[in-house]
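Let's take a walk through the helix packing here, along with a few residues worth a look. Have the model open and follow along.

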Amino acid sequence: MTKKFFDRVYNPMNQTETRDFYDEWAAQYESDVAGAGYATPGRAAALLAAVSPDKSAPILDVGCGTGLSGVEFHRAGFTTIDGVDPSSEMLESAKAKGAYRNLSKIQPGAALPTGYPSIAAIGVIGCGAAPASLFDDIMTALETPGLFILSYNDHALEVSEFMDKLRSYTDAGKATLMAEEYGPHLPDLGSNSMSKVFVLQKA
Ligand SMILES: C[S@@+](CC[C@H](N)C(=O)[O-])C[C@H]1O[C@@H](n2cnc3c(N)ncnc32)[C@H](O)[C@@H]1O
C-alpha cells in the first residue's frame, strides 16, 4: 500500500477537485483500502440486513465508487442494487463486480434518482468526499418511510456540521435513528481509523 492518496484525501477540495481526485485514485483505490483493512462496507451491510425487512427491495448506493459497498450489500443478501458516482473511473471498476443492476454517473449536487426504499452512502459524506448537503439530497430522494444507511469516519465525526446535519433530521422528527454502531474503518492506518454507521428511517 502506498500512502500517496491517503495523505491527500482529507485535504479540503471542491466537488470538481474531489471528482478528479477519485478518477486519479480509482486504479489503486481497492489495493489501498484493502491494505488498510477497510471494514466499513461489511459493517454497514450487516447493520442494514439486521433492520431491513425486504432484501429484494432496491437499494441506491450513492458514491458507490469501485463497488466495494455494493459487493458487501450483495453478500449480505440484498439482490437489487443500483450505484451512482461522479467519478467515471471509479464506476468503470464497479462494473466488473457484478453486484449492481445499474450503474450511472451523476453530477455532484444534482438531484438523485428517486423510487428507492433504501439509500446508502458508505464512506461518502464527510472530509475527503461529499459535502453535508448530499445528506439533504439523499433525504429528498428517499421514499417515505425509507432507510438511509450511512457512515461517518473519525474525520467527519470531528467536524460538527456532519453530526449537526443528522441531528437536524432526528431532532425535527423527520427521521428516526434505527441503529448506530461505532467500529473499525481503516484499522491498519493507525489513528483516526474508526467510523460510525447509522441507519435512519425517513418519517
Ligand atoms: C471513499 S469512496 C467510497 C466508495 C464506496 N462507497 C466504498 O465504500 O468503497 C467515496 C466515493 O464518493 C464519491 N463522491 C464524492 N463526492 C460525491 C458526491 N457529491 N456525490 C456522490 N458521490 C460522491 C467519490 O467519487 C468516491 O467514489
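## How α3 meets α4

α3 and α4 are oblique to each other, since angles under 35 degrees count as roughly parallel, over 145 as roughly antiparallel, 65 to 115 as roughly perpendicular and the rest as oblique. Their axes come within 8 Å and cross at roughly 40°; axes here are lines fitted to C-alpha atoms, for helices over the stretch in contact, with angles running from 0 to 180 degrees between N-to-C directions. The crossing of α3 past α4 is right-handed, that is, the near helix is turned clockwise from the far one by less than a right angle (anticlockwise would be left-handed). Helices (H or I, at least four residues) and strands (E, at least two) are DSSP runs numbered from the N terminus.

Who does the touching? On the α3 side there are Pro 41, Gly 42, Ala 44, Ala 45 and Leu 48, and they meet Leu 68, Ser 69, Glu 72 and Phe 73 of α4; contact means heavy atoms within 4.5 Å. By class that's six nonpolar, two polar and one charged (Ala, Val, Leu, Ile, Met, Phe, Trp, Tyr, Cys and Pro count as nonpolar, Asp, Glu, Lys and Arg as charged, and the others, Gly among them, as polar).

## A word on the model

This is a predicted model, in which local features need pLDDT of at least 70, side-chain atom pairs count only at pLDDT 80 or more, and totals for chains, interfaces and linings use all residues. Residues are numbered from 1 along each chain as its sequence is written, and side-chain values use heavy atoms, with hydrogens and water left out.

## The buried face of α4

Helix α4 spans residues 68–75, and its buried residues are Ser 69, Gly 70 and Phe 73 (buried means under 20% relative accessible area, exposed over 50%, partly exposed in between, with a 1.4 Å probe and protein chains only). Looking down the axis of α4, these buried residues fit within an arc of 95°, so they line one face of the helix; the arc is that of the directions from the helix axis to the C-beta atoms. They pack against α3, β1, β2 (81–85), β4 and β5.

Phe 73 itself has a relative accessible area of 0%. Leaving out residues up to four places away in sequence, Phe 73 touches Ala 44, Ala 45, Leu 48, Ile 59, Asp 61, Phe 78, Ile 81, Ala 120, Ile 122 and Ile 149. Its C-alpha sits 8.4 Å from that of Ala 99, 26 residues apart along the chain. After α4 comes Gly 77, with a positive phi near 110°.

## Thr 40, in α3

Thr 40 belongs to helix α3 (residues 40–51). Buried or exposed? Thr 40 counts as buried, at 0% relative accessibility. Skipping neighbours within four places in sequence, Thr 40 contacts Ile 122, Ser 151, Pro 184, His 185, Ser 195 and Val 197.

## α6 and its cover

Over in helix α6 (residues 133–141), the buried residues are Leu 134, Phe 135, Ile 138, Met 139 and Ala 141. Down the α6 axis they fall within an arc of 165°, so they line one face of the helix. Their cover includes β1 (59–62), β4 (118–121), β5 (147–153), α8 (160–171), β6 (175–184) and β7 (194–202).

Now for α8: its axis and that of α6 come within 9 Å and cross at roughly 35°, and the crossing is right-handed. Phe 135, Asp 136 and Met 139 of α6 meet Lys 165, Leu 166 and Tyr 169 of α8. That contact has four nonpolar, no polar and two charged residues.

## α2 beside α5

The axes of α2 (residues 15–35) and α5 (residues 88–95) come within 7 Å and cross at roughly 30°, which makes α2 roughly parallel to α5. From α2, Tyr 22, Asp 23, Ala 26, Tyr 29 and Glu 30 take part, and from α5, Ser 88, Glu 89, Met 90 and Ser 93. The split is four nonpolar, two polar and three charged.

## Two loop spots

Most residues other than glycine have a negative phi, and most peptide bonds are trans. The bond joining Thr 144 and Pro 145 is cis, with omega about -10°, and Pro 145 is in the loop between α6 and β5.

Thr 114 lies in the loop between β3 (102–105) and β4, and at 60% relative accessibility Thr 114 counts as exposed. The C-alpha atoms of Thr 114 and Pro 131 are separated by 20 Å, with their positions 17 residues apart along the chain.
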